[in-house]
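Here is a friendly walk through one structure, in questions and answers. Have a look at it first, and then we can go through it together.

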Amino acid sequence: MASREEEQQIRAAEHLLMASGEDHKRLTDYLEAQSIRDKEISRQEEEEEVVQATQLQRTIVHVTDCRTLLCSYPFCLIVKSQFYHVVGCRTRIPGGCPLCKKLGFLLHLHALRCQQSQCRTPCCRDLKERHQQQRQHQVAGDRS
């Protein structure tokens with residue numbers, strides 16, 4: 001036999017389940033509004049990420065030619081320090097150095113978008129050739 005407290009909890013749960021149509025509509029409207037707001041926020045976050053990635057790509061190209069010690073170009077000094085880090089990094093852990101992986105990812109993105117045949121950005125030509133070879137292997141595999 002259920003105690004008086006348990007009976008009250010059961011009645012309260014039943015009351016919530018049997019909410020009026022108006023309460024159900026309000027809850028549904030609220031959940032839909034939350035879903036729309038969440039989608040708008042995620043869209044804004046995606047747009048911000050695209051802007052940041054574009055800025056970093058421009059900075060990588062800038063850093064390639066920049067010889068100014070105290071450059072005021074946004075993120076120039078940070079990206080320069082990352083390049084210097086990569087050159088001297090001795091991390092030998094599974095998965096590699098997170099900073100080196102981050103810069104490597106940015107260089108891959110640059111190479112995918114770069115249209116210059118004689119680009120001076122580090123590794124650009126090598127990465128373009130690797131991407132071209134991968135595309136050729138995919139095309140050859142699709143024909144099989």
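Q: What percentage of the residues in the chain is buried?
A: This is a predicted model, so the value describes the prediction. A residue counts as buried when its relative accessible area is under 20%. The chain has 144 residues. The buried share of them is 19%.

Q: Which pattern does the chain follow when read along the sequence?
A: The secondary structure holds 5 helices. The number of strands is 0. Reading along the sequence therefore gives helices alone, in the pattern α-α-α-α-α.

Q: What share of the contacts in the chain with a separation of 6 or more comes from residues 24 or more positions apart?
A: Contact here means heavy atoms within 4.5 Å. Taking the contacts with a separation of 6 or more, the part that joins residues 24 or more positions apart is 22%.

Q: How many salt bridges does a search of the whole structure find, and which side chains meet?
A: The cut-off is a side-chain nitrogen of Lys or Arg within 4 Å of a carboxyl oxygen of Asp or Glu. A pair with an N to O distance of 2.4 Å meets it. The search finds 1 salt bridge, and its partners are Arg120 and Asp65.

Q: How many residues apart in sequence are the parts that the pair Arg120 and Asp65 ties together?
A: Arg120 lies in the loop between helix 4 (98-113) and helix 5 (124-143), while Asp65 belongs to helix 2. Arg120 is exposed, with a relative accessible area of 55%, and Asp65 is partly exposed at 46%. Because the two sit in these separate elements, the pair links parts whose distance in sequence is 55 residues.

Q: Which helix supplies the largest share of the lining of the largest pocket?
A: The largest pocket holds about 250 Å³ of space. Helix 2 (21-65) and helix 3 (76-88) each give at least two residues to its lining. The largest share is 4 residues, and they come from helix 3.

Q: How many residues of the lining of the largest pocket are nonpolar, polar and charged?
A: Among the lining residues are Val63, Leu69, Leu77, Phe83 and Pro122, which count as nonpolar. Thr64 and Thr68 also line the pocket, as do Arg67, Lys80 and Arg120. The division comes to 7 nonpolar, 2 polar and 3 charged.

Q: Which side chain of opposite charge is nearest to Lys80, and how far away is it?
A: Lys80 lies in helix 3 and is one of the residues lining the largest pocket. Lys80 is buried yet has no salt bridge. Leaving out residues up to four places away in sequence, Lys80 touches Val63, Cys66, Thr68 and Cys71. The nearest side chain of opposite charge is Asp65, at 11 Å.

Q: What is the phi value of Phe75, and where does Phe75 lie?
A: Phe75 is partly exposed, at 44% relative accessibility. The residue sits in the loop between helix 2 and helix 3. Its phi is positive in a residue other than glycine, with a value near 70°.

Q: Is Cys123 buried, partly exposed or exposed?
A: Cys123 lies in the loop between helix 4 and helix 5. Its phi is near 70°, a positive value in a residue other than glycine. The relative accessibility is 44%, and the class that goes with this value is partly exposed.

Notes:
Residues numbered from 1 in each chain as written. Predicted model: local features only at pLDDT ≥ 70, side-chain atom pairs only at ≥ 80, totals over all residues. Heavy atoms only, no water. 1 Å grid on protein atoms, 1.4 Å probe; cavity = no way out; pocket = protein on both sides within 12 Å on 5 of 7 lines; lining within 4 Å. Points joined across faces, edges and corners; volume = space filled by probe spheres on them. Buried < 20%, exposed > 50% of the residue type's maximum accessible area, 1.4 Å probe, protein only. Lys, Arg positive; Asp, Glu negative; His and termini not counted.
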